[in-house]
Amino acid sequence: MQIDLTGRTALVTGSTQGIGAAIAKELARAGARVAVNGRGEERVRESVAALAREVPGADVVPAVADVSTAEGAERLAEAVPHVDVLVNNLGIFGSADPLEIDDAEWRRYFEVNVLAAVRLTRMYLPSMTERGWGRIQYIASDSAVVIPAEMIHYGMTKTSLLAVSRGFAKKAAGTGVTVNCVMAGPTHTGGVEDFVYELVDRSLPWEEAQRAFMREYRPQSLLQRLIEPEEIAHMVVYLSSEQASATTGGALRVDGGYVDAILP
C-alpha cells in the first residue's frame with residue numbers, strides 16, 4: 001500500500017520525543033507537512049532540525065505552545081491555522097498509590113491528557129468539516145480498558161479519550177472527517193524506561209529489566225516485549241490517509257495483543 005500525504009498538514013502534539021516524535025517522522029516520510037509541538041522553544045527547534053536530518057526534504061515547522069492551557073492552544077492555532085491531520089498525542093503518566101493521589105493531581109491528569117485534546121478538536125474540527133476532509137486521532141492506551149492498579153488516574157484519562165473520540169466521530173458524521181483512537185500498548189520510550197525502573201530492580205540491564213517488567217506487570221502481552229514507537233506511528237499514518245476513509249469512530253489497537261478481547 002502506497003500512502004501519500006503530500007499536500008496535507010499534520011499537527012502532532014507533544015512530538016519532541018517518544019511516540020509523538022515517531023509519529024511526526026513517519027507522517028513526514030509519507031509527504032505531509034508536519035508541525036512539531038512542544039512547550040520549549042529550544043527543544044522544539046532541536047526536534048525540527050533532527051527530523052529534517054532524518055527525512056531529507058521534509059517540510060517541518062515548529063509549533064511552540066503549551067496546549068494543556070487555553071492560552072497555549074490559542075497560540076498554537078494562530079501559528080498553525082490550517083490542519084488536515086490532528087494527532088492528539090500529548091500525555092503524562094506515572095505510578096502512584098491511588099489513595100494518595102490528591103484532587104489537584106486528578107485534575108492535572110485530566111487537563112493535560114483529555115481537555116487539551118478536546119480543546120484542539122473544537123478549534124480544528126469546524127474548518128475540516130467545511131472543507132469536507134480531515135483526520136483527528138487521539139493516542140489512547142491499553143490502560144483505557146485494563147486499568148493499571150499503580151496508575152488509575154492515567155487509565156481514567158485514556159478511558160475518557162475513547163468516549164471523546166466516539167462522540168466527536170458522531171459530530172463529524174457524513175462530513176468526510178474521520179475521528180479515531182489509537183490504543184497503544186506498552187511502548188519503549190525514554191519515559192517508559194524510567195517508569196519500568198520505578199517498578200523493577202534498577203541494577204538490572206535494560207533488556208532484563210524489560211522482560212521482568214513484562215512478566216510481572218504486563219503478563220498478558222502476546223508480544224512479550226515492549227512495542228517500538230514506530231509501530232504505533234504506522235497505524236497513525238494509515239488512519240491519516242485516503243485509504244482509511246471508511247474507518248471512523250473506532251478504537252484501533254496497537255497493543256501487541258495485550259487487551260484480552262476479540263473485538264476492539
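Which element gives the largest share of the lining of the largest pocket? The answer, helix H6 with six residues, is taken up in the second of the views below. The model is predicted.

**View 1. The open sheet of seven strands.** The strands are arranged in the order E3-E2-E1-E4-E5-E6-E7, and their pairing is parallel. Strand E3 (60-64) and strand E7 (251-254) are the edge strands, each pairing on one side only. From one strand to the next, the twist averages 20 degrees. At the E3 edge of the sheet, E2 and E3 run parallel and are joined by five bridges. Val36 stands opposite Pro62 in E3. In general, strands of a sheet pair through backbone hydrogen bonds.

**View 2. The largest pocket.** This pocket has a volume of about 1,100 Å³. Its lining is made up of 45 residues. Nearest the centre of the pocket lie Gln17, Asn89, Gly91, Ile92 and Phe93. Two or more lining residues come from each of helix H1 (18-29), strand E2 (33-38), H4, strand E5 (134-141), helix H5 (152-171) and helix H6 (190-199). H6 provides six residues, the largest share. Sorted by class, the pocket lining holds 20 polar, 16 nonpolar and nine charged residues.

**View 3. The largest cavity.** One cavity of 30 Å³ or more is counted in the model. The volume of the largest cavity is about 60 Å³. Its lining consists of Thr13, Val67, Asn88, Leu90, Val112, Asn113, Ala116, Ala117, Leu120 and Leu161. Helix H4 (residues 103-131) supplies five residues, the largest share of this lining. Seven of the lining residues are nonpolar and three are polar, with no charged residue.

**View 4. Helix H4 against the sheet.** H4 lies across four strands: strand E1 (9-12), strand E4 (85-88), E5 and strand E6 (177-184). The helix runs at about 170 degrees to E4. H4 also appears in both linings described above, giving five residues to that of the largest cavity and two or more to that of the largest pocket.

**View 5. Helix H5 against the sheet.** H5 lies across E5, E6 and E7, the last of which is an edge strand. Relative to E5, the helix runs at about 155 degrees. Both H5 and E5 are among the elements that give two or more residues to the lining of the largest pocket.

Key: Residues are numbered from 1 along each chain as its sequence is written. This is a predicted model: local features need pLDDT of at least 70, side-chain atom pairs count only at pLDDT 80 or more; totals for chains, interfaces and linings use all residues. Side-chain values use heavy atoms; hydrogens and water are left out. On a 1 Å grid over the protein atoms alone, a cavity is a set of points where a 1.4 Å probe fits but cannot get out, and a pocket is an open set with protein on both sides within 12 Å along at least five of seven lines; lining residues have an atom within 4 Å of a point. Grid points are joined across faces, edges and corners, and a volume is the space filled by probe spheres set on the points. Ala, Val, Leu, Ile, Met, Phe, Trp, Tyr, Cys and Pro count as nonpolar, Asp, Glu, Lys and Arg as charged, and the others, Gly among them, as polar. Two strands pair if DSSP finds at least two bridges between them. Axes are lines fitted to C-alpha atoms, for helices over the stretch in contact, and angles run from 0 to 180 degrees between N-to-C directions. Contact means heavy atoms within 4.5 Å.
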